Amino acid sequence: MTKSIILKQRPVGTPNLVDFELKQLDKELNISEGEILLKSTYISVDPYLRGRMSEAKSYIPSFEIGQPMSSGVVAEVIASKNDNYKKGDFVAGILPWKTQQISNGEGLQKVDKEKAPLSAYLGIVGMTGLTAFLGLHEIGKPKKGETLVVSGAAGAVGSVVGQIGKILGLYVIGIAGSDEKVNMLTSELGFDHGINYKTTKDMKSAIQKAAPNGVDIYFDNVGGPISDAVLFSINRFARMVICGAISVYNNTELPTGLSVQPFLVKNSALMQGFIVSNYADKFPEAMKHLATWLGEGKLTYKETIVEGFENTPQAFLDMMAGKNKGKMIVKA
């Protein structure tokens, strides 16, 4: 019996479980020549999915009402009539939220569970790692001795960005939402300093104190007041890498905040948004660095794994609420 999770309705403000629906398909799936039958093993839940749940124009099409959600999935080939795949292979790609499905194999990449845990292909050696490396490298242009501030630092991308920063010789400050997460950043992931934004009354002063030499690179995953506070500490020629803005994704009205232009002009600073596919031609080089550092023990990763396919919507909601450490993944 195949199960799927569809978008039942578009959320208004913060998504809720009622926006999703679990459906069952009793019909047996039979593959034709050139096709493979896949069984989902791990499913990625990510902040960008919130944007796809709305009708707003973006860099990626919106999900359709009544159709399955989709994201990064690692799946096992359980039957094949395609010469490029055999039973027992594992693949990764953007796939619908289904327990089983038929594919022609296009857009899928074989993954080797002997080289890395399967879940890692949705994280550190997947889009998460690529996003962290390429955003920091291509826009942040780090130089040894500079100061890097990372917001959403205990999340999937942020936790990797900070570690890469340390490998490259930066002074790294991470901003997260609990003392437990801050402790993880400094004691387990090598960050130099951590700030709990939920218990800090004056973020502007806290950042200035943590970064007495100013901020050269800001890797932004959250937007909102935290990012406003960082602006007061940016140095001349600072680079601000805009990866996400999870703090405002559920807003139903346009957020208000500081006007960034005076800060950018005064400091000749750069602020640039990006999506990882902008740098698709650099994926092989980035993957080589990530795999090397992982193999050398210079890079580690954190995962929050939720058991059960039917719990995928709740895992997504929990991730949006910041209840994860590192990458949030569902084990189907």
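Me: What counts as contact when a helix lies across strands?

Reply: Contact means heavy atoms within 4.5 Å. Helices (H or I, at least four residues) and strands (E, at least two) are DSSP runs, numbered from the N terminus. Axes are lines fitted to C-alpha atoms, for helices over the stretch in contact, and angles run from 0 to 180 degrees between N-to-C directions. Here, helix H5 (residues 203-210) lies across S9, S10 and strand S11 (215-220). H5 runs at about 175 degrees to S10.

Me: What kind of model is this, and how are residues numbered?

Reply: This is a predicted model: local features need pLDDT of at least 70, side-chain atom pairs count only at pLDDT 80 or more, and totals for chains, interfaces and linings use all residues. Residues are numbered from 1 along each chain as its sequence is written, and side-chain values use heavy atoms, with hydrogens and water left out.

Me: What is the strand order in the open sheet of six strands?

Reply: Strands of a sheet pair through backbone hydrogen bonds, either parallel or antiparallel. Two strands pair if DSSP finds at least two bridges between them. In this sheet the order is S10-S9-S8-S11-S12-S13, with parallel pairing. S10 (193-196) and S13 (270-273) stand at the edges, each with a single partner strand, so one side of each lacks a neighbour in the sheet. The twist averages 15 degrees from one strand to the next.

Me: How many bridges join S9 and S10?

Reply: Four, in the parallel sense. Ile175 stands opposite Ile195 in S10.

Me: Which strands does helix H6 lie across?

Reply: H6 (residues 224-231) lies across S8 (147-151), S9, S11, S12 (234-242) and S13. H6 runs at about 170 degrees to S11.

Me: How many residues are in the largest nonpolar core?

Reply: A nonpolar core is a set of buried Ala, Val, Leu, Ile, Met, Phe, Trp, Tyr and Cys residues joined through side-chain atoms within 4.5 Å. Buried means under 20% relative accessible area, exposed over 50%, partly exposed in between (1.4 Å probe, protein chains only). The largest core has 46 residues. Val161 and Phe219 are among those with the most contacts inside it. Its largest share, six residues, comes from H2. A second, separate core of 28 residues includes Ala315 and Met320.

Me: Is helix H9 mostly covered or mostly uncovered?

Reply: Mostly covered: eight of the nine residues of H9 (312-320) are buried. Among them are Phe316 and Leu317. The buried residues pack against elements including strand S1 (2-7) and helix H1 (48-52). Gly322 follows H9, with a positive phi near 80 degrees.
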